[in-house]
Amino acid sequence: MIVGLIVACEVAFWVLLAAGLVFRYALRMPRTGLALLLCEPLLEVVLFAVTAVDLRGGAEPDWRHGLAAVYIGFTVGLGHATVKWADARIAHRFAGGPPPARPPKYGTARAVHEWKVAGRWSLAAAVAIALLQAAVWYVGDDGDTGSLVAWQQRMLWVIGVNVLIAASYTLWPKREPASKRG
């Protein structure tokens, strides 16, 4: 049931995003479009509530509950950037907006970009870790929370990998080719 709800939340996220952008740009109803986009966090609230009820109802904590926490964390950390990404492209393609900004390719600007990306991913993982810890406390000593703790360890890896990537762009910045400096 939890996995089905996670899939439904993901599908609903993209449906709400598409509907919000259609109302905003194609139908020229920006308030309605914004209202649809603002409904997206409700999906995570529903998933959170269903997961909590499932655990409180005596379900043994397993990978599905961990996946729900991770999904919520990633939506919190990456959802806004995804909406902005899609909005910029739709505005450019269908509403005469400016072309979407491309990430910088070289030097300090690229390093700053990578740190921002790492920050979003780290926020996503940190929210997931916090939700997983809340689930561990919620279940208490009565259940086997090993799978939830395993998800927490995976999220620490996500943070570590993203910090390493950003640090590599800081320590070894990619240089603009001499032919382009010109």
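This section describes the nonpolar core, the two largest pockets, the cysteines and selected residues of helix α4 in a predicted model.

The largest nonpolar core comprises 34 residues, among which L17, L47, V70, F74 and M155 touch the most other members. Five helices each contribute at least two residues to this core, namely α1 (2–26), α3 (40–56), α4 (63–95), α5 (107–139) and α6 (146–171). Helix α4 provides the largest share, amounting to 10 residues. The surroundings of L17 were examined further. When residues up to four places away in sequence are not counted, L17 touches L37, E40, V83 and A86.

Helix α4 also takes part in the lining of the pockets. The largest pocket encloses about 620 Å³ of space. Its lining consists of 20 residues, and those closest to the pocket centre are A81, W85, A101, H113 and R120. Two elements, α4 and α5, give two or more residues to this lining. The greatest contribution is that of α4, with 8 residues. In terms of residue class, the lining of the largest pocket divides into 12 nonpolar, 3 polar and 5 charged residues.

The second largest pocket has a volume of about 280 Å³. Its lining is formed by F13, L34, L37, L38, E40, P41, E44, T75, V76, G79, H80 and V83. Helices α2 (30–38), α3 and α4 are the elements that supply two or more residues to the lining of this pocket. Here too α4 gives the most, with 5 residues. The class composition of this second lining is 7 nonpolar, 3 polar and 2 charged residues. Three residues of this lining, L37, E40 and V83, are also among the residues touched by L17.

Two residues of α4 were considered individually. H80 is found in this helix and, as noted above, belongs to the lining of the second largest pocket. H80 counts as exposed because its relative accessibility is 58%, over the 50% required for that class. Although H80 and R120 are 40 residues apart along the chain, their C-alpha atoms are separated by 9.7 Å. R120 is itself one of the lining residues closest to the centre of the largest pocket.

D87 is likewise found in helix α4. With a relative accessible area of 17%, D87 is buried, the cut-off for this class being under 20%. Leaving aside neighbours within four places in sequence, the contacts of D87 are with L21, R24 and Y25.

The cysteines were then assessed for covalent pairing. A search of the whole structure returned 0 disulfides. For C9, the closest cysteine sulfur is that of C39, and the separation of 13 Å is too far for a bond, since a disulfide requires the two sulfur atoms to lie within 2.5 Å. Correspondingly, C39 is in no disulfide, with the sulfur of C9 as the nearest cysteine sulfur at 13 Å. The accessibility of each cysteine was also computed. C9 is buried, with a relative accessible area of 4%, whereas C39 counts as partly exposed at 30% relative accessibility.

Taken by element, α4 supplies the largest share of the core and gives the most to the lining of the largest pocket and to that of the second largest pocket.

Terms used: Residues numbered from 1 in each chain as written. Predicted model: local features only at pLDDT ≥ 70, side-chain atom pairs only at ≥ 80, totals over all residues. Heavy atoms only, no water. Core = buried A, V, L, I, M, F, W, Y, C linked by side-chain atoms within 4.5 Å. Buried < 20%, exposed > 50% of the residue type's maximum accessible area, 1.4 Å probe, protein only. Helix = DSSP H or I, 4+ residues; strand = E, 2+ residues; numbered from the N terminus. Contact = heavy atoms within 4.5 Å. 1 Å grid on protein atoms, 1.4 Å probe; cavity = no way out; pocket = protein on both sides within 12 Å on 5 of 7 lines; lining within 4 Å. Points joined across faces, edges and corners; volume = space filled by probe spheres on them. Nonpolar A, V, L, I, M, F, W, Y, C, P; charged D, E, K, R; others polar.
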